[in-house]
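The following exercises treat burial, helix packing and backbone geometry in a single protein chain. Each task is followed by a solution in steps.

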Amino acid sequence: MMERRRVILFSSDLSARGLHFDQVSLVLQCHTPPSREQYIHRMGRTGRAGNAGRSILLLTQPESKVLSTELANLPITQESRPKGWLKSDMALVKKAFRKMDMPTLSMGYQAYLGANAACIKMLRWDPDELVVNSNAWIDSMLGGAERPALAARAVHRMGLKDHPDLKMFGSLKLPKAGGSDKKDKEPAQKRGKGKEAAARGKGGKGKGGKGKGGKGKGGKGKGGKGK
């Protein structure tokens with residue numbers, strides 16, 4: 001078997017603590033970490049067991065203020081890049097965005113907004129700053145194309161349901177504990193409509209009633225059990 005000397009692992013914070021990977025030479029963190037401690041744990045996957053390692057944190061301009069607040073006094077060297085240094089790469093990214101369908105764009109933007117919402121205390125943003133900065137990111141990626149709508153319930157959970165700068169689809173009504181609202185039940189009801197009609201035709205349901213297809217409370221029947 002051929003030994004692979006270069007391996008890239010894409011991971012969530014699942015691997016940030018308690019897991020060891022041999023000879024990790026670089027940890028690349030994208031987006032603001034949820035806490036100072038989590039940043040340190042992520043960075044700690046490299047430079048282990050006497051080996052050298054590097055950690056790079058990629059931030060947008062609005063996110064970079066965490067370097068002087070929550071991540072202050074850590075040995076981080078901030079590097080500035082000239083404007084347009086990613087111009088050729090960004091052209092490829094934007095081209096890929098234009099090929100995505102609207103549901104995929106919606107899920108991607110929703111994930112990005114949710115990640116920012118989870119770090120809102122770390123970023124020291126208010127809800128308006130959260131929406132403005134997140135919208136600026138998706139708009140820059142879309143290059144003037146229509147911004148995708150977001151699932152209303154997801155926006156509700158972020159505490160942003162009434163924000164005028166977010167376009168939403170679906171019901172704002174949250175499902176009841178242990179169940180779902182009427183809209184969620186509709187597909188299941190339609191799928192079972194034929195079976196329900198057949199059950200009503202063969203037998204009856206009622207207290208003490210008998211029928212070929214059902215059993216009522218206190219009654220017997222040849223078929224299965226009903227309510």
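**Exercise 1. Classify Gln38 by accessibility and describe its surroundings.**

Step 1. Gln38 has a relative accessible area of 10%, so it is buried (buried means under 20% relative accessible area, exposed over 50%, and partly exposed in between, with a 1.4 Å probe and protein chains only). The model is a predicted one, in which local features need pLDDT of at least 70 and side-chain atom pairs count only at pLDDT 80 or more, while totals for chains, interfaces and linings use all residues. Residues are numbered from 1 along each chain as its sequence is written, and side-chain values use heavy atoms, with hydrogens and water left out.

Step 2. Gln38 belongs to helix H1 (residues 36-43); helices (H or I, at least four residues) and strands (E, at least two) are DSSP runs numbered from the N terminus.

Step 3. Setting aside residues up to four places away in sequence, Gln38 touches Asp13, Ala16 and Arg17, where contact means heavy atoms within 4.5 Å.

**Exercise 2. Carry out the analysis of Exercise 1 for Arg42, and state which residues Arg42 touches.**

Step 1. Arg42 is also found in helix H1.

Step 2. The relative accessible area of Arg42 is 16%, and the residue is therefore buried.

Step 3. With residues up to four places away in sequence not counted, Arg42 touches Asp13, Ala16, Val27, Gln29, His31, Pro33 and Pro34.

**Exercise 3. Determine how the axes of helices H2 and H5 cross, and which residues meet.**

Step 1. Two packed helices are described by the angle between their axes and the distance between the axes.

Step 2. The axes of H2 (residues 87-99) and H5 (residues 127-142) come within 8 Å and cross at roughly 90°. Axes are lines fitted to C-alpha atoms, for helices over the stretch in contact, and angles run from 0 to 180 degrees between N-to-C directions.

Step 3. H2 and H5 are therefore roughly perpendicular to each other (angles under 35 degrees count as roughly parallel, over 145 as roughly antiparallel, 65 to 115 as roughly perpendicular and the rest as oblique).

Step 4. On the H2 side, the residues are Met90, Val93, Lys94 and Phe97; they meet Trp137, Ile138, Ser140, Met141 and Leu142 in H5. By class, this contact has 7 nonpolar, 1 polar and 1 charged residues (Ala, Val, Leu, Ile, Met, Phe, Trp, Tyr, Cys and Pro count as nonpolar, Asp, Glu, Lys and Arg as charged, and the others, Gly among them, as polar).

Step 5. Met90 counts as partly exposed, at 25% relative accessibility. The C-alpha atoms of Met90 and Ser140 are 9.8 Å apart, although the two residues are 50 residues apart in sequence.

**Exercise 4. Compare the expected and actual span of helix H3, and locate its buried residues.**

Step 1. The 17 residues of H3 (residues 102-118) should span 24 Å at 1.5 Å a residue, and the end C-alpha atoms are 24 Å apart, which agrees. The expected span is 1.5 Å times one less than the number of residues.

Step 2. The buried residues of H3 are Leu105, Ser106, Tyr109, Tyr112, Leu113, Asn116 and Ala117. Seen down the axis of H3, they fall within an arc of 140°, so they line one face of the helix; the arc is that of the directions from the helix axis to the C-beta atoms.

Step 3. Turned away from this buried side is a face with the exposed residues Pro103, Met107, Ala111 and Ala118.

Step 4. The packing partners of the buried residues of H3 are H2, helix H4 (120-123), H5, strand E3 (150-151) and strand E4 (168-169).

**Exercise 5. Place Leu160 in the chain and identify its contacts.**

Step 1. Leu160 lies in the loop between helix H6 (152-157) and E4.

Step 2. Leu160 counts as buried, at 3% relative accessibility.

Step 3. Apart from neighbours within four places in sequence, Leu160 is in contact with Leu113, Pro127, Leu130, Val131, Val155 and Leu166. One of these contacts, Val131, is 29 residues away along the chain, with a C-alpha separation of 8.6 Å.

**Exercise 6. Examine phi at Gln23 and at Asn73.**

Step 1. Most residues other than glycine have a negative phi.

Step 2. Gln23 has a positive phi, near 55°. Gln23 is found in the segment before strand E1 (26-30) and is exposed, with a relative accessible area of 68%.

Step 3. Asn73 has a positive phi, near 70°. Asn73 lies in the loop between strand E2 (54-58) and H2 and is exposed, at 78% relative accessible area.
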